[in-house]
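This report introduces a single protein model to a reader who has not met it before. Please look over the sequence and the structure before reading on.

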Amino acid sequence: MQRYFEKLGEVTGCFHIIGKDSNKYEGYGFVTFKAATTVDEVQISRPHTILGRTVRTRRKVLEEEEKMR
């Protein structure tokens with residue numbers, strides 16, 4: 001996932017969620033970019049396909065912003 005999204009911009013963090021009991025990839029993760037403009041590019045250039053699977057991307061909404069909606 002990190003290698004894929006690094007093509008669009010500098011990645012500062014990337015992790016996959018692993019199930020506690022199964023110790024297997026749960027099917028989702030998080031990517032953090034250095035620049036907010038990269039997030040815009042990721043959203044504009046959808047859909048994304050990694051290892052033959054279409055990946056749904058969403059922008060994180062801060063809790064403070066969510067309360068204002």
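The sections below describe a pocket, a pair of strands and one residue of a helix.

## The largest pocket

The model is predicted. Its largest pocket has a volume of about 1200 Å³. A total of 29 residues line this pocket, and those nearest its centre are Gly29, Phe30, Val31, Arg56 and Thr57. Sorted by class, the lining consists of 17 nonpolar, 7 polar and 5 charged residues.

Several elements contribute to the lining of the largest pocket. At least two residues each come from strand E1 (11–18), strand E2 (25–33), helix H2 (36–44) and strand E4 (53–55). The greatest contribution is that of E2, which supplies 8 residues.

## The hairpin of E1 and E2

Strands E1 and E2 also pair with each other, in the antiparallel sense and over 6 bridges. Within this arrangement, Gly13 stands opposite Thr32 in E2.

The two strands, E1 and E2, form a hairpin in which 6 residues lie between them. In the turn, Asn23 has a positive phi of about 55 degrees.

## Gln43 in helix H2

Helix H2, one of the elements that supply residues to the pocket lining, contains Gln43. Is Gln43 buried or exposed? Gln43 is buried, because its relative accessible area of 16% falls under the 20% cut-off.

Apart from neighbours within four places in sequence, Gln43 is in contact with Thr57, Arg58 and Arg59. Of these contacts, Thr57 is also among the residues that lie nearest the centre of the largest pocket.

Technical notes
Residues numbered from 1 in each chain as written. Predicted model: local features only at pLDDT ≥ 70, side-chain atom pairs only at ≥ 80, totals over all residues. Heavy atoms only, no water. 1 Å grid on protein atoms, 1.4 Å probe; cavity = no way out; pocket = protein on both sides within 12 Å on 5 of 7 lines; lining within 4 Å. Points joined across faces, edges and corners; volume = space filled by probe spheres on them. Helix = DSSP H or I, 4+ residues; strand = E, 2+ residues; numbered from the N terminus. Nonpolar A, V, L, I, M, F, W, Y, C, P; charged D, E, K, R; others polar. Pairing = 2+ DSSP bridges. Buried < 20%, exposed > 50% of the residue type's maximum accessible area, 1.4 Å probe, protein only. Contact = heavy atoms within 4.5 Å.
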